[in-house]
Amino acid sequence: MIVEDMMRTNIYKLTPADTIEQAVHMMEKERLRHIPIVENDDTLIGIISDRDVRDARYSIFSDNPLPDVLQKPVKLIMKTEVFTTHPLEFVSDVASMLSEKRINGAPVTVDRKLVGMITGRDLLDTLVQLTGADQPSTQLEVKVSDVSGQLADVATVFKDHRINVTSMLIYPDKKSSSKILAFRIQTMDARPAIASLKEKGYELAGPSIPEWGT
């Protein structure tokens with residue numbers, strides 16, 4: 001999936017001359033953590049975060065807002081070094097960069113023009129959709145050796161039982177050199193598939209699954 005498929009195009013933004021008070025109201029009303037700052041032609045020139053606004057409003061020695069601060073322009077507190085992404089970037093690459101930089105969102109630009117916004121919440125919602133967790137399904141996690149052919153062999157079990165696989169992820173087993181294949185399958189009774197996997201010698205990872213009627 002690319003950024004264009006999930007970015008927000010209804011963007012809340014400000015100009016450098018807008019006030020910190022306007023930023024406060026926008027963040028509180030729309031529950032924003034970041035607001036991009038643009039020129040009148042939508043050229044991105046900076047960004048402010050809820051932390052920037054909070055630090056500007058309050059002194060570390062007082063819980064009361066500093067006088068006159070709210071009427072100052074956001075250009076005084078905005079960051080001009082902004083991590084941005086492009087609509088055609090892969091979402092996984094962007095997620096990795098946001099995690100590495102420990103930031104919660106990034107403007108999406110084309111030739112420095114603001115065209116969208118992507119946030120940690122957007123990434124989380126997308127992950128839920130990609131894993132199929134928002135659809136009626138059963139999750140099975142199968143531990144396999146890190147050798148070729150294991151994925152195809154496990155998938156054959158679902159094919160033999162005429163079970164549709166809606167999503168699949170692979171992640172390393174932290175306790176060994178094995179891999180975990182996490183499947184979302186369209187069946188409410190996975191017992192026949194589980195029995196076949198065990199007959200083949202595979203170990204199921206994750207929470208134990210009750211084997212009703214056995």
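**Reading the sheet, salt bridges and overall form**

The predicted model contains an open sheet of four strands in the order 6-7-5-8, with antiparallel pairing. Residues are numbered from 1 along each chain as its sequence is written, and side-chain values use heavy atoms, with hydrogens and water left out. Because this is a predicted model, local features need pLDDT of at least 70 and side-chain atom pairs count only at pLDDT 80 or more, whereas totals for chains, interfaces and linings use all residues.

Q: How are the strands of a sheet held to one another, and which strands form the edges here?

A: Strands of a sheet pair through backbone hydrogen bonds, either parallel or antiparallel. Two strands count as paired if DSSP finds at least two bridges between them; strands are DSSP runs of E of at least two residues, and helices are runs of H or I of at least four, both numbered from the N terminus. In the order 6-7-5-8, the edges are strand 6 (165-172) and strand 8 (203-205), each of which pairs on one side only. From one strand to the next, the twist averages 30 degrees; axes are lines fitted to C-alpha atoms, for helices over the stretch in contact, and angles run from 0 to 180 degrees between N-to-C directions.

Q: How many bridges join strand 5 to strand 8, and which residue stands opposite Lys-143?

A: Strand 5 (residues 138-144) runs antiparallel to strand 8 and is joined to it by three bridges. Lys-143 stands opposite Glu-203 in strand 8. Helix 5 (residues 150-160) packs on the sheet, where it touches strand 5, strand 6 and strand 7 (179-185); contact means heavy atoms within 4.5 Å. The direction of helix 5 makes about 25 degrees with that of strand 7.

Q: How many salt bridges does the structure hold, and which parts does the pair Asp-50 and Arg-33 link?

A: A salt bridge is a side-chain nitrogen of Lys or Arg within 4 Å of a carboxyl oxygen of Asp or Glu. The structure holds eleven. In one of them, the closest N and O atoms of Asp-50 and Arg-33 are 3.9 Å apart. This pair links distant parts of the chain, 17 residues apart: Asp-50 belongs to helix 2 (residues 50-57), and Arg-33 to the loop between helix 1 (20-30) and strand 1 (34-38).

Q: Are the partners Lys-79 and Asp-52 buried or exposed, and what does their salt bridge tie together?

A: Buried means under 20% relative accessible area, exposed over 50%, and partly exposed in between (1.4 Å probe, protein chains only). The side chains of Lys-79 and Asp-52 meet at 2.5 Å, N to O. Lys-79 lies in the loop between helix 2 and helix 3 (91-101) and Asp-52 in helix 2, so the pair ties together parts that are 27 residues apart in sequence. Lys-79 is partly exposed at 42%, whereas Asp-52 is buried at 12%. Salt bridges that share partners also join Lys-143, Asp-173 and Glu-203 into one network.

Q: What does the radius of gyration say about the overall form of the protein?

A: The radius of gyration is taken over C-alpha atoms, and the globule rule is 2.2 Å times the number of residues to the power 0.38. The secondary structure comprises six helices and eight strands. The radius of gyration is 24 Å, well over the 17 Å that the rule gives for 214 residues, so the protein is more spread out than a compact globule. Along its principal axes, the C-alpha trace spans about 75 × 40 × 30 Å. Buried residues make up 38% of the 214 residues.
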